[in-house]
Amino acid sequence: MKMKYPHTKWTYLQIPFEYLTTTSVRSSAWWHRACCFIVFITCGLAIYSIFRNLSNGIVMNEYAFDGQCSLQLVESIPVGLNYSENSPKFLSTYNAWGILINFTEESLNIGSFYWTMLGADVIEHPSAVLGENIYEAIKAKGANHNITIRIAQSEPTAISNNSDTEILQQMGAAEVRSVNFTRLLDGGVLHTKLWVVDNKHFYVGSANMDWRSLTQVKELGVLGINCKTLSEDFMKIFNEYWYLGSQTANIPKKWPKEYSTNFNFANPIIVNSRSNNLHAVVSSSPPPLTSDGRVDDLECILKTINDAKSFVYIAVMDYYPLIMYTESMRYWPFIDDALRKVAIENKVKIKLLISWWRYSSKSENYFLKSLTDLTKSLKGVDIQVRRFIVPINKDQLKIPHSRVNHNKYMVTDNAAYIGTSNWSGDYFIDTAGIGLYLQTVNNSSSATDIREQLLGVFNRDWYSPYAVNT
């Protein structure tokens, strides 16, 4: 007997006559064998797929893909800091925040160190207008009762009293919680700078909720649009801050399941941004705030350094192998050791672009010099350091804690890391921060690849007249 299957590749399928009897036992036996065979093949393919991905260090799952995600670098370039006409240029932090406010339809969640968005908070100055614009836009958005605004901030101090957020809370425009790290960890602050909108858009980077971060301080971050998976992962960290902002809350010995993540180096988020696939991992500090599955921020930085094949370029405000902000100063060598190790053993080229401003300590130079001295003492070792100086005039001198390169990022030949922490031990043991790790897939690169863009930013700054040899 012949049976037609008009929608298959094969026009006819021959079936042996003995299987087409009226005996139900014989019929069911045939189907049983067929089903077993199908299950066997399916399981085999699944197991093969799992082991193939394990061999690549990746365990994929259906929730790990951000197919519509658009990532782009954003910067604040201080007034009076000018680059050549052909140098890389990116969306401003001011415009990025404005986009996020405009996109807010349901919720805006901001994790912040402190708030000084108004000129009156610091000093009346014409350049405060951008911060005031953002503040008024947040206030107006909060007046819409269909939109929820939540702000998690570090505990106010005499220096940073956070009157801006107090006003928002009093007028019903935002819910505000302050996290007291002195009570929780005997020290530290909430140093994160994070926006999450509608659980699908985000900003993370170096910019504080401070008008100076828009016009008087050099900042760098990432804007993510339609990045649902990444945004939801960031929200799990924000929700930790929100929980700890309760006056009676304590850090749990084990964070409940709702704070855990499936995404880490074994199972990164696959981001399809501008037709370029990236592996993305969100890291956090300090360890007591690292829930199940979450990559610790120091671990993320060390992996980025150790995985580099040819170069590691770093731009941070402060670099100290010390725990500094405690009663007794302690040596903290982890990042410093990692840089020395890859430079000596793997001949990876190291460049550090460290800020120099009126609040810098001269002692920092000695630690940096101990790194560059290796270049002279060992063949094949190449460690270079430059200090980035933002120009300042008499008028700008009146603005405290301004005119500095506040960046906190690293770029290598295969990955990018953008964080919210300065590089001394305190920021990784008792201070809350976030990092975003982005790895290029299959060594692909293009002008739209965020790693390539970050490399362009570093080279622009390194070869600018504002970077000077130590």
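## How confident is the model?

Let's start with the extremes. Among the elements of the chain, strand E2 (residues 12–14) sits at the bottom with a mean pLDDT of 32, while strand E10 (residues 194–197) has the highest mean, 99. Keep in mind that this is a predicted model. Over the whole chain, pLDDT averages 88, and 84% of the residues score at least 70.

Now for the weak spots. Residues 1–32 have a pLDDT that stays under 50, and the model gives this stretch 17 contacts beyond four places in sequence. Residues 34–60 also stay under 50, with 13 contacts beyond four places in sequence. Where pLDDT is low, the predicted coordinates shouldn't be read in detail.

## The largest pocket

Got the structure open? The largest pocket has a volume of about 1200 Å³. A total of 44 residues line the largest pocket, and those closest to its centre are Phe 113, Tyr 114, His 191, His 401 and Tyr 427.

What kinds of residues make up the lining of the largest pocket? The split is 18 nonpolar, 17 polar and nine charged. Several helices chip in: H3 (119–122), H6 (181–185), H7 (212–215) and H13 (426–429) each supply at least two residues of that lining.

## Two helices side by side

Next, have a look at helix H9 (residues 297–306) and helix H10 (residues 334–345). Their axes come within 9 Å and cross at roughly 10°. That angle is under 35 degrees, so H9 and H10 count as roughly parallel to each other.

Which residues of H9 and H10 make the contact? On the H9 side you'll find Leu 298, Ile 301, Leu 302, Ile 305 and Asn 306. From H10 come Phe 334, Ile 335, Ala 338, Leu 339 and Val 342. Sort the residues of this contact by type and you get nine nonpolar, one polar and no charged.

## Two backbone details in loops

A couple of spots in the backbone are worth a look. Ser 285 and Pro 286 are joined by a cis peptide bond, with omega at about -5°. To find Pro 286, go to the loop between strand E15 (276–285) and strand E16 (295–296).

The other spot is Asp 186, in the loop between H6 and E10. H6 is one of the helices that supply residues to the lining of the largest pocket, and E10 is the strand with the highest mean pLDDT among the elements of the chain. Phi of Asp 186 is near 65°, which is a positive value in a residue other than glycine.

Terms used
Residues numbered from 1 in each chain as written. Predicted model: local features only at pLDDT ≥ 70, side-chain atom pairs only at ≥ 80, totals over all residues. Heavy atoms only, no water. 1 Å grid on protein atoms, 1.4 Å probe; cavity = no way out; pocket = protein on both sides within 12 Å on 5 of 7 lines; lining within 4 Å. Points joined across faces, edges and corners; volume = space filled by probe spheres on them. Helix = DSSP H or I, 4+ residues; strand = E, 2+ residues; numbered from the N terminus. Nonpolar A, V, L, I, M, F, W, Y, C, P; charged D, E, K, R; others polar. Axes fitted to C-alpha atoms, helices over the stretch in contact; angles between N-to-C directions. Parallel < 35°, antiparallel > 145°, perpendicular 65-115°, else oblique. Contact = heavy atoms within 4.5 Å. pLDDT = per-residue confidence, 0-100.
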